[in-house]
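Trainee: I have a structure open and would like to go through it. Can we take it topic by topic?
Mentor: Yes, put it up and ask away.

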Amino acid sequence: MGRHAEWRKLAKKQRRKRIRTLQATERDKFFSTEWYIKQQEIEEQLLLEQINKQNEEENAKWIEAEKIAIAQWKRLQEEKQRAIQLRAEQEAKMRLEWELEQERKKKEEERIKAAEEEQKRKHKMFMDHLDKFLSGDSVEPPPELKVVRETRPEAENCPFFTKTSCCRFGDQCSRNHQYPGISRVLLATNFYTHFGLSNADVSEYDTDIMLEYEDSETYKEYKEFFYDVLSEFEKFGRIVQFKVCNNYEKHLRGNTYVEFAELRCAVAAYRALHTRWYGGRQLSLQFCNITSWSNAICGLQLRRRCPKGRACNFLHVFRNPNNLYNHNQNYDPEREKERSSRSSVRSWRWSESPEREPLKRVSSRRDESSERRHRRTRYRDREDDDYDDDDDDRYYRRTSSRRSSHRR
Ligand SMILES: [Zn+2]
Ligand SMILES: [Zn+2]
């Protein structure tokens with residue numbers, strides 16, 4: 001074979017090889033593009049899946065959050081509802097309580113009103129009985145007036161009340177207090193007032209010191225009160241005891257005891273003076289039983305040795321001017337009657353006394369105009385040294401002939 005043929009053969013071979021290579025390259029090229037595309041697709045798919053997955057998760061989260069939100073909202077609504085219901089219930093309860101309270105108040109008011117009415121009715125009846133007794137001429141009071149009122153009949157008698165007719169516990173006391181219907185002794189509670197009595201800084205009101213300084217303002221004030229009040233009460237009859245307390249204890253402070261010789265006179269005084277006004281204060285009188293003045297009055301006070309001092313539950317009393325009623329003896333009406341009937345010499349002294357002319361004594365109070373000029377002159381005009389002796393009887397002799405009307 002020639003050279004040319006060999007070259008041609010080689011050329012052809014090379015050409016075929018070139019074609020093959022080209023074809024292979026083309027094929028490779030084709031294949032790589034496809035792979036790439038496939039890869040792209042896979043990637044895209046993956047991405048899509050990723051996105052979908054993310055979306056699903058987001059969605060799930062959102063749904064979950066929504067569920068929670070809904071649950072919370074529901075709970076909130078329920079709570080609100082409960083709160084509203086609770087408030088409504090509370091309001092209803094409060095309204096009910098208020099209504100019950102109103103009802104209770106109304107009932108209490110009615111009860112108090114009824115009690116007051118009953119009290120008024122009883123007081124009126126009592127006053128009517130007093131009037132009947134005063135207008136009649138029987139010496140003995142009607143049985144209705146003798147009725148004793150007891151606070152705790154089942155309990156023991158209160159020793160303080162029994163002796164002094166006063167008790168720091170009032171009618172709340174666990175012991176029994178016995179009030180007489182009527183009696184010869186009148187008690188005006190807390191009647192005398194003076195700064196010294198109510199002032200805690202002023203030490204025990206020392207009546208003995210007061211006596212030493214008879215000119216002192218304090219004593220003058222008491223003297224004025226004494227004569228003022230005594231003259232007012234004397235218009236109703238003979239007084240046999242007159243005591244004013246200077247205790248600091250509230251239930252005894254300024255208490256004024258007036259004992260009449262005659263029951264009828266005490267009743268007349270009560271009828272006229274109870275709830276009257278003196279120096280801007282309303283007089284509150286009550287009948288009381290003092291069976292023994294020496295038991296009622298603190299014995300140690302007289303000797304200035306009372307250990308209880310201001311807290312004493314027995315009467316610490318002022319020394320009265322002119323030594324009037326400064327004794328503690330008890331007055332015995334029966335003995336007095338015997339004495340006056342025995343002694344004709346003394347009977348002139350009581351010619352105007354209620355024992356003999358009870359009606360005249362009481363009715364004379366009505367004859368005010370003719371007697372007004374004597375008013376308040378008895379004690380004011382005279383000098384104290386007119387009364388230089390200690391005998392109360394002599395005092396009566398001087399004063400019983402002069403009567404003055406009582407103030408209205
Ligand atoms: Zn008591
Ligand atoms: Zn005492």
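Mentor: What follows covers the metal sites, a pocket and one helix, and the model is a predicted one.

Trainee: Metals, then. Which residues hold the zinc ion (ligand 1)?
Mentor: Cys158, Cys167 and Cys173 each coordinate the zinc ion (ligand 1) through SG, and His177 does so through NE2. The distances are 2.2 to 2.3 Å.

Trainee: And what arrangement do those four donor atoms make?
Mentor: Tetrahedral, because the angles they subtend around the zinc ion (ligand 1) are 102 to 116 degrees. For comparison, the ideal angle for four tetrahedral donors is 109.5 degrees.

Trainee: Is Cys158 buried or exposed?
Mentor: Cys158 counts as buried, because its relative accessibility is 2%. Cys167 is also buried, with a relative accessible area of 9%. The cut-off for buried is under 20%.

Trainee: What about the zinc ion (ligand 2), which donors does the protein give?
Mentor: Cys298, Cys306 and Cys312 give their SG atoms, and His316 gives NE2. They lie 2.1 to 2.3 Å from the zinc ion (ligand 2). The angles there are 100 to 116 degrees, which makes this arrangement tetrahedral. Cys298 and Cys306 are buried.

Trainee: How are the donors spaced along the chain?
Mentor: For the zinc ion (ligand 2) the spacing is C-x7-C-x5-C-x3-H. For the zinc ion (ligand 1) it is C-x8-C-x5-C-x3-H.

Trainee: New topic. How much space lies in the largest pocket?
Mentor: About 860 Å³. Its lining has 23 residues, and Gln119, Lys122, His123, Phe126 and Arg149 lie nearest the centre.

Trainee: Which element gives the most to that lining?
Mentor: H1 does, with eight residues. Helix H1 (3–135), helix H2 (143–146) and strand S8 (285–288) are the elements that give two or more residues each.

Trainee: And what classes of residue line the largest pocket?
Mentor: The lining has eleven nonpolar, seven polar and five charged residues.

Trainee: Where does the pocket lie relative to the domains?
Mentor: The largest pocket lies between domain 2 (106–135) and domain 3 (141–400), because both give residues to its lining.

Trainee: Last one. How many residues of helix H7 are buried?
Mentor: Ten of the eleven, so helix H7 (residues 263–273) is mostly covered, buried meaning under 20% relative accessible area. Among the buried ones are Leu263, Arg264, Val267, Tyr270 and Leu273.

Trainee: What comes after H7?
Mentor: Thr275 follows H7, and the phi of Thr275 is positive, near 70 degrees.

How values were computed
Residues are numbered from 1 along each chain as its sequence is written. Chains are lettered from A and ligands numbered from 1 in the order in which they are written. This is a predicted model: local features need pLDDT of at least 70, side-chain atom pairs count only at pLDDT 80 or more; totals for chains, interfaces and linings use all residues. Side-chain values use heavy atoms; hydrogens and water are left out. Donors are N, O and S atoms within 2.8 Å of the metal (3.2 Å for Na, K and Ca); water is not among the atoms, so sites may look incomplete. Four donors count as tetrahedral if all angles lie between 85 and 135 degrees; four count as square planar and six as octahedral if opposite donors are over 155 degrees apart and all others between 65 and 115; anything else is irregular. Buried means under 20% relative accessible area, exposed over 50%, partly exposed in between (1.4 Å probe, protein chains only). On a 1 Å grid over the protein atoms alone, a cavity is a set of points where a 1.4 Å probe fits but cannot get out, and a pocket is an open set with protein on both sides within 12 Å along at least five of seven lines; lining residues have an atom within 4 Å of a point. Grid points are joined across faces, edges and corners, and a volume is the space filled by probe spheres set on the points. Helices (H or I, at least four residues) and strands (E, at least two) are DSSP runs, numbered from the N terminus. Ala, Val, Leu, Ile, Met, Phe, Trp, Tyr, Cys and Pro count as nonpolar, Asp, Glu, Lys and Arg as charged, and the others, Gly among them, as polar. Domain bounds come from an automatic or database domain assignment.
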